[in-house]
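I opened this entry to record what I looked up in one protein chain. The model comes first, then my notes.

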Amino acid sequence: MSFSDVFKSSFLENVTSVSVLDMVIAIVLAFAIGVFIFLVYKKTYQGVMYSSSFGVTLVALTMITTLVILAVTSNVVLSLGMVGALSIVRFRAAIKEPLEIAFLFWSIGVGIVLAAGMIPLAVFGSIIIGIILLVFVNKKSYLMPYIVVVNCTGHDAEVKATEFIKSKTDKFVVKSKSAQKGNLELNIEVRLKEDNTDFVNELADMEGVNSAVLVSYNGEYMG
């Protein structure tokens, strides 16, 4: 075997199995769609503390997935090795919001579809998904559930407060009630009739009501 035969291996032949133009197009589109996913995530984020690093991760994940799938589709042997390598990787990053899972799968899915050459599906599919998320996630705030925390002095004040809250809201569900001598505290899930929280001021001014607090509620309750 001569020196030149060493460099005529299948390894070097596989380097040119994906053209440079295809690689450039796939990476550029992956970056563009990744940025679009990042902007949709930023626009629809409703958590307490926004993490810009997660948005950057979505862009990077789209591009990395594209690179990996481009390599896998060009070589069957490499694809088997990639499966073995990824099987030992463990991701332990905490997911703060359930919607973040959808964005992660969106980024990975776009990377796979782009590397497979289905550019129209990746572009138009991402646009449709982005529009759906923007429409359904960014609903008006008064459609979101809230918790009203009412602290009152006794049964009569409780009855007046609950009747007042019922008249000002569309939904009324008592989540918890704690009672001490001369003091009652109610946690009530409500949905507002309109984007107006002034009724809390009136509730706090009622006789027998010590305090009234309105807080955003994610719909999950552990009682």
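I counted the elements of the protein chain and got nine helices and four strands. Helices here are DSSP runs of H or I with at least four residues, strands are runs of E with at least two, and both are numbered from the N terminus. From that terminus on, I read the order as α-α-α-α-α-α-α-β-α-β-β-α-β.

I noted the ground rules. This is a predicted model, where local features need pLDDT of at least 70, side-chain atom pairs count only at pLDDT 80 or more, and totals for chains, interfaces and linings use all residues. Residues are numbered from 1 along each chain as its sequence is written, and side-chain values use heavy atoms, with hydrogens and water left out.

Next I checked burial. Of the 223 residues, 30% count as buried. Buried means under 20% relative accessible area, exposed over 50%, and partly exposed in between (1.4 Å probe, protein chains only). The accessible surface is about 14,300 Å², and carbon and sulfur atoms hold 66% of that. These areas come from the Shrake-Rupley method with a 1.4 Å probe; for residues, only the protein chains shown count as cover.

I looked at contacts, meaning heavy atoms within 4.5 Å. Of those between residues at least 6 apart in sequence, 73% join residues at least 24 apart.

Then I turned to helix α7. Its 19 residues, 119-137, should span 27 Å at 1.5 Å a residue, and the end C-alpha atoms are 26 Å apart, which agrees. The expected span is 1.5 Å times one less than the number of residues.

Which residues of α7 are buried? I found Ala 122, Ser 126, Gly 130, Leu 133 and Val 137. Seen down the axis, they fall within an arc of 70°, so they line one face of the helix. The arc is taken over directions from the helix axis to the C-beta atoms. These buried residues pack against α3 (20-44) and α6 (99-115).

On the other side of α7, I listed Pro 120, Leu 121, Phe 124, Ile 128, Val 135 and Phe 136 as exposed. I checked Phe 124 by itself: it counts as exposed because its relative accessibility is 54%.

I closed with His 155, in helix α8 (residues 155-168). Is His 155 buried or exposed? At 57% relative accessibility, His 155 counts as exposed. I also paired His 155 with Gly 182: they are 27 residues apart in sequence and 9.2 Å apart in space, C-alpha to C-alpha.
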